Amino acid sequence: FFDREKPMLIKKQTIAFSIMVFIYALAAGIFVLLPGSMDISSLPADAQTSVPDIPLWMLALANAGLVLLAYSLMGLLGMFLAKKASLPQIFRPGAGAQALWVTPALVGVVCGIILVAGDLVFQKLTVLEPLPHPPFPASLLASLSAGIGEEIAFRLLEMSLWVFLLGWLVRRILPNRDLFLPVVWAANLIAALVFGAGHLGSVMVIYGAASPAELPGALLVEI
(Lines give C-alpha, C1' and ligand atoms only; values in the text may rest on other atoms or scores of the structure.)
Protein backbone atom coordinates (compact mmCIF):
# COMPACT_ATOMS: atom_id res chain seq x y z
CA PHE A 1 0.00 0.00 0.00
CA PHE A 2 2.59 2.55 1.05
CA ASP A 3 4.81 1.65 -1.89
CA ARG A 4 2.07 3.13 -4.09
CA GLU A 5 1.53 6.14 -1.85
CA LYS A 6 1.53 9.44 -3.70
CA PRO A 7 4.35 11.90 -2.97
CA MET A 8 1.78 14.56 -2.00
CA LEU A 9 0.39 12.34 0.77
CA ILE A 10 3.88 11.65 2.09
CA LYS A 11 4.52 15.40 2.13
CA LYS A 12 1.27 16.03 4.04
CA GLN A 13 2.16 13.33 6.58
CA THR A 14 5.58 14.89 7.12
CA ILE A 15 4.16 18.41 7.45
CA ALA A 16 1.52 17.24 9.93
CA PHE A 17 4.16 15.48 12.02
CA SER A 18 6.50 18.49 11.96
CA ILE A 19 3.72 20.85 13.08
CA MET A 20 2.78 18.57 15.98
CA VAL A 21 6.36 18.22 17.21
CA PHE A 22 6.90 21.99 16.96
CA ILE A 23 3.71 22.65 18.95
CA TYR A 24 4.82 20.13 21.57
CA ALA A 25 8.27 21.71 21.87
CA LEU A 26 6.76 25.21 22.12
CA ALA A 27 4.28 24.07 24.78
CA ALA A 28 7.05 22.33 26.73
CA GLY A 29 9.11 25.53 26.78
CA ILE A 30 6.21 27.83 27.70
CA PHE A 31 5.08 25.40 30.40
CA VAL A 32 8.30 25.93 32.35
CA LEU A 33 7.84 29.71 32.32
CA LEU A 34 4.27 29.72 33.65
CA PRO A 35 3.71 30.50 37.35
CA GLY A 36 3.23 27.38 39.41
CA SER A 37 4.33 24.94 36.75
CA MET A 38 7.64 24.27 38.48
CA ASP A 39 6.20 24.20 41.99
CA ILE A 40 8.02 21.41 43.82
CA SER A 41 6.48 21.99 47.24
CA SER A 42 4.28 18.90 46.83
CA LEU A 43 7.31 16.65 46.31
CA PRO A 44 9.08 14.81 49.13
CA ALA A 45 11.87 16.76 50.84
CA ASP A 46 14.68 14.65 49.35
CA ALA A 47 13.22 15.11 45.85
CA GLN A 48 13.03 18.89 46.38
CA THR A 49 16.71 19.16 47.29
CA SER A 50 17.70 17.25 44.15
CA VAL A 51 16.14 19.85 41.82
CA PRO A 52 18.97 22.03 40.36
CA ASP A 53 18.82 25.81 40.72
CA ILE A 54 18.82 26.89 37.06
CA PRO A 55 17.23 30.04 35.55
CA LEU A 56 13.76 29.34 34.17
CA TRP A 57 14.57 30.63 30.68
CA MET A 58 17.44 28.15 30.43
CA LEU A 59 15.18 25.33 31.60
CA ALA A 60 12.56 26.41 29.05
CA LEU A 61 15.03 26.36 26.16
CA ALA A 62 16.52 23.07 27.30
CA ASN A 63 13.08 21.52 27.69
CA ALA A 64 11.94 22.68 24.26
CA GLY A 65 15.18 21.58 22.60
CA LEU A 66 15.13 18.16 24.24
CA VAL A 67 11.51 17.61 23.19
CA LEU A 68 12.25 18.72 19.63
CA LEU A 69 15.21 16.36 19.30
CA ALA A 70 13.89 13.31 21.15
CA TYR A 71 10.38 13.28 19.73
CA SER A 72 11.52 14.06 16.21
CA LEU A 73 13.74 10.98 16.30
CA MET A 74 11.05 8.82 17.92
CA GLY A 75 8.44 10.04 15.48
CA LEU A 76 10.55 9.47 12.39
CA LEU A 77 11.37 5.96 13.56
CA GLY A 78 7.70 5.38 14.32
CA MET A 79 6.67 6.58 10.85
CA PHE A 80 9.22 4.24 9.29
CA LEU A 81 7.95 1.28 11.34
CA ALA A 82 4.31 2.17 10.64
CA LYS A 83 5.07 2.14 6.93
CA LYS A 84 6.78 -1.25 7.22
CA ALA A 85 3.85 -2.59 9.25
CA SER A 86 1.25 -1.34 6.72
CA LEU A 87 -0.23 1.10 9.25
CA PRO A 88 -1.23 4.72 8.65
CA GLN A 89 1.45 7.09 9.91
CA ILE A 90 0.04 10.39 11.21
CA PHE A 91 -3.42 10.18 9.66
CA ARG A 92 -5.36 7.73 7.53
CA PRO A 93 -5.18 8.41 3.80
CA GLY A 94 -8.50 9.73 2.56
CA ALA A 95 -9.83 10.59 6.03
CA GLY A 96 -11.85 13.82 6.17
CA ALA A 97 -12.55 16.39 8.87
CA GLN A 98 -15.21 14.19 10.50
CA ALA A 99 -12.79 11.30 10.99
CA LEU A 100 -9.75 13.42 11.87
CA TRP A 101 -11.26 16.09 14.12
CA VAL A 102 -14.96 15.84 15.01
CA THR A 103 -15.24 12.18 16.04
CA PRO A 104 -11.94 12.12 17.99
CA ALA A 105 -12.93 15.32 19.82
CA LEU A 106 -16.28 13.86 20.88
CA VAL A 107 -14.70 10.58 21.93
CA GLY A 108 -12.03 12.51 23.84
CA VAL A 109 -14.61 14.51 25.79
CA VAL A 110 -16.50 11.35 26.78
CA CYS A 111 -13.30 9.52 27.77
CA GLY A 112 -12.13 12.58 29.73
CA ILE A 113 -15.34 12.64 31.76
CA ILE A 114 -15.02 8.90 32.45
CA LEU A 115 -11.38 9.28 33.53
CA VAL A 116 -12.13 12.20 35.86
CA ALA A 117 -15.05 10.34 37.42
CA GLY A 118 -12.93 7.21 37.78
CA ASP A 119 -10.14 9.21 39.42
CA LEU A 120 -12.59 10.53 42.01
CA VAL A 121 -13.70 6.98 42.74
CA PHE A 122 -10.13 5.68 43.09
CA GLN A 123 -9.28 8.54 45.46
CA LYS A 124 -11.88 7.14 47.86
CA LEU A 125 -10.12 3.76 47.77
CA THR A 126 -6.68 5.01 48.82
CA VAL A 127 -5.29 6.87 51.81
CA LEU A 128 -3.11 9.09 49.60
CA GLU A 129 -3.69 12.69 48.67
CA PRO A 130 -4.89 13.25 45.09
CA LEU A 131 -2.17 13.47 42.46
CA PRO A 132 -1.04 17.12 42.13
CA HIS A 133 -2.01 18.96 38.97
CA PRO A 134 -0.45 22.14 37.56
CA PRO A 135 -2.67 25.23 37.84
CA PHE A 136 -4.48 26.78 34.88
CA PRO A 137 -3.27 27.56 32.20
CA ALA A 138 -0.23 25.32 32.75
CA SER A 139 -2.66 22.41 33.00
CA LEU A 140 -3.76 22.96 29.39
CA LEU A 141 -0.17 22.96 28.15
CA ALA A 142 0.56 19.80 30.13
CA SER A 143 -2.45 18.09 28.57
CA LEU A 144 -1.47 19.32 25.10
CA SER A 145 2.07 18.05 25.56
CA ALA A 146 0.84 14.65 26.72
CA GLY A 147 -1.67 14.46 23.89
CA ILE A 148 1.09 14.88 21.32
CA GLY A 149 4.24 13.52 22.98
CA GLU A 150 2.77 10.41 24.54
CA GLU A 151 0.93 9.54 21.34
CA ILE A 152 4.19 9.80 19.40
CA ALA A 153 6.04 7.63 21.92
CA PHE A 154 3.43 5.01 22.74
CA ARG A 155 1.27 4.87 19.61
CA LEU A 156 3.27 5.97 16.59
CA LEU A 157 6.49 4.34 17.83
CA GLU A 158 5.62 1.67 20.43
CA MET A 159 2.49 0.33 18.77
CA SER A 160 4.01 0.38 15.27
CA LEU A 161 7.06 -1.48 16.61
CA TRP A 162 4.94 -4.29 18.06
CA VAL A 163 2.72 -4.54 14.97
CA PHE A 164 5.89 -4.89 12.90
CA LEU A 165 7.49 -7.49 15.22
CA LEU A 166 4.34 -9.53 15.89
CA GLY A 167 3.34 -9.39 12.23
CA TRP A 168 6.76 -10.68 11.20
CA LEU A 169 6.49 -13.52 13.74
CA VAL A 170 2.93 -14.50 12.77
CA ARG A 171 3.76 -14.56 9.06
CA ARG A 172 6.48 -17.13 9.74
CA ILE A 173 4.47 -19.31 12.10
CA LEU A 174 1.12 -19.10 10.27
CA PRO A 175 1.93 -17.96 6.74
CA ASN A 176 -1.54 -18.81 5.37
CA ARG A 177 -3.59 -16.98 8.02
CA ASP A 178 -4.65 -13.34 7.88
CA LEU A 179 -4.15 -12.23 11.51
CA PHE A 180 -3.41 -8.58 10.89
CA LEU A 181 -6.32 -7.29 13.02
CA PRO A 182 -5.50 -9.49 16.08
CA VAL A 183 -1.86 -8.40 15.73
CA VAL A 184 -2.91 -4.74 15.79
CA TRP A 185 -5.06 -5.29 18.89
CA ALA A 186 -2.25 -7.17 20.65
CA ALA A 187 0.20 -4.38 19.82
CA ASN A 188 -2.29 -1.79 21.06
CA LEU A 189 -2.65 -3.64 24.38
CA ILE A 190 1.12 -3.89 24.82
CA ALA A 191 1.53 -0.19 24.06
CA ALA A 192 -1.22 0.67 26.57
CA LEU A 193 0.45 -1.39 29.32
CA VAL A 194 3.82 0.22 28.60
CA PHE A 195 2.09 3.62 28.66
CA GLY A 196 0.72 2.91 32.14
CA ALA A 197 4.01 1.51 33.41
CA GLY A 198 5.79 4.61 32.10
CA HIS A 199 3.92 6.72 34.65
CA LEU A 200 4.97 4.66 37.68
CA GLY A 201 8.27 6.50 38.09
CA SER A 202 6.74 9.96 38.45
CA VAL A 203 4.02 8.67 40.79
CA MET A 204 6.66 7.02 42.99
CA VAL A 205 8.57 10.32 43.20
CA ILE A 206 5.41 12.25 44.09
CA TYR A 207 4.49 9.87 46.91
CA GLY A 208 8.06 9.12 48.04
CA ALA A 209 7.80 5.39 47.27
CA ALA A 210 10.96 3.36 46.77
CA SER A 211 9.21 0.76 44.61
CA PRO A 212 5.79 0.22 42.97
CA ALA A 213 5.04 -2.32 45.73
CA GLU A 214 4.80 0.56 48.22
CA LEU A 215 1.93 2.17 46.30
CA PRO A 216 -1.66 1.21 47.16
CA GLY A 217 -3.14 -1.48 44.96
CA ALA A 218 -6.03 0.75 43.90
CA LEU A 219 -3.59 3.39 42.66
CA LEU A 220 -1.67 0.78 40.65
CA VAL A 221 -4.92 -0.43 39.08
CA GLU A 222 -5.83 3.14 38.13
CA ILE A 223 -2.42 3.78 36.55
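1. Start with burial: of the 223 residues in the protein, buried ones make up 26%. The accessible surface comes to about 14,400 Å², and carbon and sulfur atoms account for 72% of that. Keep in mind that this is a predicted model.

2. How far can you lean on the prediction? The mean pLDDT of the protein is 85, with 89% of its residues at 70 or more. Among the elements, the lowest mean pLDDT, 53, belongs to helix H2 (residues 45-49), while helix H6 (residues 180-197) has the highest, at 94. I'd read anything about H2 with that value of 53 in mind.

3. On to the fold. There are 8 helices and 0 strands, so to speak a plain α-α-α-α-α-α-α-α when you read along the sequence. As for how the chain meets itself, take the contacts between residues at least 6 apart in sequence: 76% of them join residues at least 24 apart.

4. Helix H5 (residues 138-173) is a good place to look, and H1 (residues 7-33) is one of its partners: the two pack with their axes 9 Å apart, at an angle of about 140 degrees. That angle makes H1 oblique to H5. The crossing is left-handed. On the H1 side the contacts include Phe17, Met20, Tyr24 and Phe31, and among the H5 residues they meet are Leu141, Leu144, Ile148 and Leu156. Smaller side chains take part too, including Ala27 and Ala28 from H1 and Ala138, Ala142 and Gly149 from H5.

5. Helix H3 (residues 56-84) also packs on H5, with axes that come within 8 Å and cross at roughly 35 degrees. H3 passes H5 in a left-handed crossing. From H3, the residues involved include Tyr71, Met74, Gly75, Gly78 and Lys84, and the H5 residues they meet include Ile152, Ala153, Leu157, Ser160 and Phe164. Some H5 residues turn up in both lists: Gly149, Ile152 and Leu156 are among those that meet H1, and they are also among those that meet H3.

6. What about H5 and H6? Their axes come within 8 Å and cross at roughly 140 degrees, and the two helices are therefore oblique to each other. This crossing is right-handed. H5 brings residues including Glu150, Phe154, Arg155, Trp162 and Val170, and H6 brings, among others, Phe180, Val184, Asn188, Val194 and Phe195.

7. For a single-residue view of that H5 and H6 packing, try Leu166, which sits in helix H5. Which residues does Leu166 touch, not counting those up to four places away in sequence? They are Val183, Ala186, Ala187 and Ile190, and these four are listed among the H6 residues that meet H5. Leu166 and Val184 are 18 residues apart along the chain, and their C-alpha atoms are separated by 8.7 Å.

8. Leu68 is worth a click as well. This residue lies in helix H3, and a relative accessible area of 41% makes Leu68 partly exposed. Leaving aside neighbours within four places in sequence, Leu68 is in contact with Val21 and Ala25. From C-alpha to C-alpha, Leu68 and Ala25 are 5.5 Å apart in space, although 43 residues apart in sequence. Val21 has a second role to note, being among the H1 residues that meet H5.

9. Finally, the backbone at Ser86. Most residues other than glycine have a negative phi. Ser86 has a positive one, near 60 degrees. Where is Ser86? The residue is in the loop between H3 and helix H4 (97-124). Is Ser86 buried or exposed? Neither, quite: its relative accessible area is 47%, so Ser86 counts as partly exposed. Across the chain, the C-alpha atoms of Ser86 and Phe180 are separated by 9.6 Å, with their positions 94 residues apart along the sequence. Phe180 is one of the H6 residues that meet H5.

Note on methods
Residues numbered from 1 in each chain as written. Predicted model: local features only at pLDDT ≥ 70, side-chain atom pairs only at ≥ 80, totals over all residues. Heavy atoms only, no water. pLDDT = per-residue confidence, 0-100. Buried < 20%, exposed > 50% of the residue type's maximum accessible area, 1.4 Å probe, protein only. Contact = heavy atoms within 4.5 Å. Areas by Shrake-Rupley, 256 points an atom, 1.4 Å probe, with all protein chains shown as cover. Axes fitted to C-alpha atoms, helices over the stretch in contact; angles between N-to-C directions. Parallel < 35°, antiparallel > 145°, perpendicular 65-115°, else oblique. Left-handed = near helix turned anticlockwise from the far one by under 90°.
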